[in-house]
Structure formats: structure tokens, C-alpha cells
Amino acid sequence: MTVLLVVHHSPSPTLAELLECALTGARDPDITGVEIRVRPALVCSPQEALEADGYLLGTPANIGYMSGALKHWFDQMLYLDAHGAQRKPYGLYVHGNSDTAGAVRSVETAAAAMDLRRVRPPVEITGPVTKDAREACTELGAVVAAELMD
């Protein structure tokens with residue numbers, strides 16, 4: 001069975017809602033052979049990350065950057081020279097009050113340094129969470145999980 005590791009920083013009700021939407025998509029009953037593991041970014045061990053076959057990442061946009069928690073996760077991987085993550089697929093959702101561009105850019109830069117393979121463009125949400133935003137996160141979760149199906 002392949003493993004999709006959902007690494008997130010969800011300090012607000014908004015991010016928690018987006019996480020649940022992404023998990024709903026990843027756990028779609030039509031997606032088989034994929035185990036979903038969910039870890040907050042600050043407690044996800046490098047070993048867990050290296051054992052995963054793909055990643056679904058979630059972060060707020062904080063002062064024009066990804067959250068410090070997700071940055072910490074990337075730093076652990078990079079410090080270990082995590083070549084085991086090369087070409088693994090990933091997806092990303094980001095929420096910001098007014099802008100997400102810097103956060104997306106910072107995650108994509110770190111993902112490129114690890115040679116991860118982006119499955120689809122990030123889901124970028126600003127302001128209140130709408131029905132479209134929830135649906136986009138659900139679809140993202142499903143697409144990333146489906147990428148790992150045997």
C-alpha cells in the first residue's frame with residue numbers, strides 16, 4: 001500500500017476546515033490502495049516523511065511566506081539531504097487573509113530543492129472560505145491521492 005502523508009499547519013478554524021476538505025477528497029472511496037497519514041508539520045518526523053510516497057501540504061500565508069511550522073518540516077528534510085523524496089508527487093493548499101503569492105513561492109522553492117513533483121497548481125484561498133474553496137481543496141486531496149493509486 002502506498003502512503004500519502006498530509007503535512008499541515010492548521011492553527012485557525014479556517015485552516016482546520018480546509019484540512020478536513022482535503023482529507024475528504026483524499027479518502028474518497030473510489031481511491032484504493034492509498035493509506036492517508038495526517039501529521040502536523042511541527043511533529044512530523046523526517047523518517048515518516050521519507051517513508052511516504054507523496055505529500056499533501058497545507059499552510060497559512062504568514063507575512064508573505066509559508067508558516068514557520070511547514071518551513072521547519074522542509075528544513076528537517078533538506079538538512080538530512082533527503083534524496084529519498086526525489087520526484088515524489090505533492091499538492092499544496094494555502095490560505096491567506098489578503099495574499100498567498102509569497103507563501104506559494106516559498107513552498108514551491110523548497111519543493112524544487114527536494115526535487116518533488118507538483119501534481120497540479122496550488123489551491124490558493126484568500127479571505128473567507130467559500131463553497132468553491134472547499135470544493136477545490138476536496139478535489140486537490142483526491143487528485144494527489146489518486147496519483148498514488150497502484
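**Exercises on contacts, crossings and cysteines**

Leaving aside its neighbours within four places in sequence, Thr100 is in contact (heavy atoms within 4.5 Å) with Ala61, Val94, His95, Glu124, Ile125 and Thr126. Before you start: this is a predicted model, where local features need pLDDT of at least 70 and side-chain atom pairs count only at pLDDT 80 or more, while totals for chains, interfaces and linings use all residues. Residues are numbered from 1 along each chain as its sequence is written, and side-chain values use heavy atoms, with hydrogens and water left out.

**Exercise 1: Thr100 and Val94**

Find where Thr100 sits, then say whether Thr100 is buried or exposed.

*Solution.*
- Step 1: Thr100 is in the loop between β4 and α4. Helices (H or I, at least four residues) and strands (E, at least two) are DSSP runs, numbered from the N terminus.
- Step 2: with a relative accessible area of 4%, Thr100 is buried. The cut-offs are under 20% relative accessible area for buried, over 50% for exposed, and partly exposed in between, using a 1.4 Å probe and protein chains only.

Now do the same for Val94, and list what Val94 touches.

*Solution.*
- Step 1: Val94 belongs to strand β4, residues 89-96.
- Step 2: Val94 is buried too, its relative accessible area being 0%.
- Step 3: not counting residues up to four places away in sequence, Val94 touches Thr59, Pro60, Ala61, Thr100, Ala103, Val104, Val123, Glu124 and Ile125.
- Step 4: for a sense of distance, Val94 and Arg117 lie 23 residues apart in sequence and 17 Å apart in space, C-alpha to C-alpha.

**Exercise 2: α3 against α4**

Work out how the axes of helix α3 and helix α4 cross, and which residues make the contact.

*Solution.*
- Step 1: the axes of α3 (residues 68-79) and α4 (residues 101-113) come within 10 Å, crossing at roughly 15°. Axes here are lines fitted to C-alpha atoms, for helices over the stretch in contact, and angles run from 0 to 180 degrees between N-to-C directions.
- Step 2: that makes α3 and α4 roughly parallel to each other. Angles under 35 degrees count as roughly parallel, over 145 as roughly antiparallel, 65 to 115 as roughly perpendicular, and the rest as oblique.
- Step 3: the crossing of α3 and α4 is left-handed. Left-handed means the near helix is turned anticlockwise from the far one by less than a right angle; clockwise is right-handed.
- Step 4: α3 brings Leu70, Phe74 and Leu78 to the contact, and α4 brings Val107, Ala110, Ala111 and Ala113.
- Step 5: sorted by class, the contact of α3 with α4 has seven nonpolar, no polar and no charged residues. Ala, Val, Leu, Ile, Met, Phe, Trp, Tyr, Cys and Pro count as nonpolar, Asp, Glu, Lys and Arg as charged, and the others, Gly among them, as polar.
- Step 6: zoom in on Leu70 of α3, which is buried at 0% relative accessible area. Beyond its neighbours within four places in sequence, Leu70 is in contact with Val7, Ala41, Leu57, Gly58, Thr59 and Val107.

**Exercise 3: α1 against α5**

Repeat the routine for helix α1 and helix α5.

*Solution.*
- Step 1: the axes of α1 (residues 13-26) and α5 (residues 131-147) come within 6 Å and cross at roughly 40°.
- Step 2: α1 and α5 are therefore oblique to each other.
- Step 3: the crossing is right-handed.
- Step 4: Glu17, Leu18, Cys21, Ala22, Thr24, Gly25 and Ala26 of α1 meet Arg134, Cys137, Thr138, Gly141, Ala142 and Ala145 of α5.
- Step 5: by class, the contact of α1 with α5 has seven nonpolar, four polar and two charged residues.

**Exercise 4: the cysteines**

Count the disulfides in the structure, and explain why Cys21 is not bonded to Cys137.

*Solution.*
- Step 1: there are zero disulfides, a disulfide being a pair of cysteine sulfur atoms within 2.5 Å.
- Step 2: the cysteine sulfur closest to that of Cys21 is in Cys137, and at 6.2 Å it is too far for a bond.
- Step 3: Cys44 is in no disulfide either, the nearest cysteine sulfur, that of Cys137, being 19 Å away.
- Step 4: Cys21 is buried at 11% relative accessible area, and Cys44 is buried at 1%.

**Exercise 5: positive phi**

Look up phi for Ile63 and for Asp115, then place each residue.

*Solution.*
- Step 1: most residues other than glycine have a negative phi.
- Step 2: Ile63 has a positive phi of about 50° although it is not a glycine. Ile63 lies in the loop between β3 (54-60) and α3 and is exposed, with a relative accessible area of 89%.
- Step 3: Asp115 has a positive phi, near 60°. Asp115 is in the loop between α4 and β5 (117-118) and counts as partly exposed at 30% relative accessibility.
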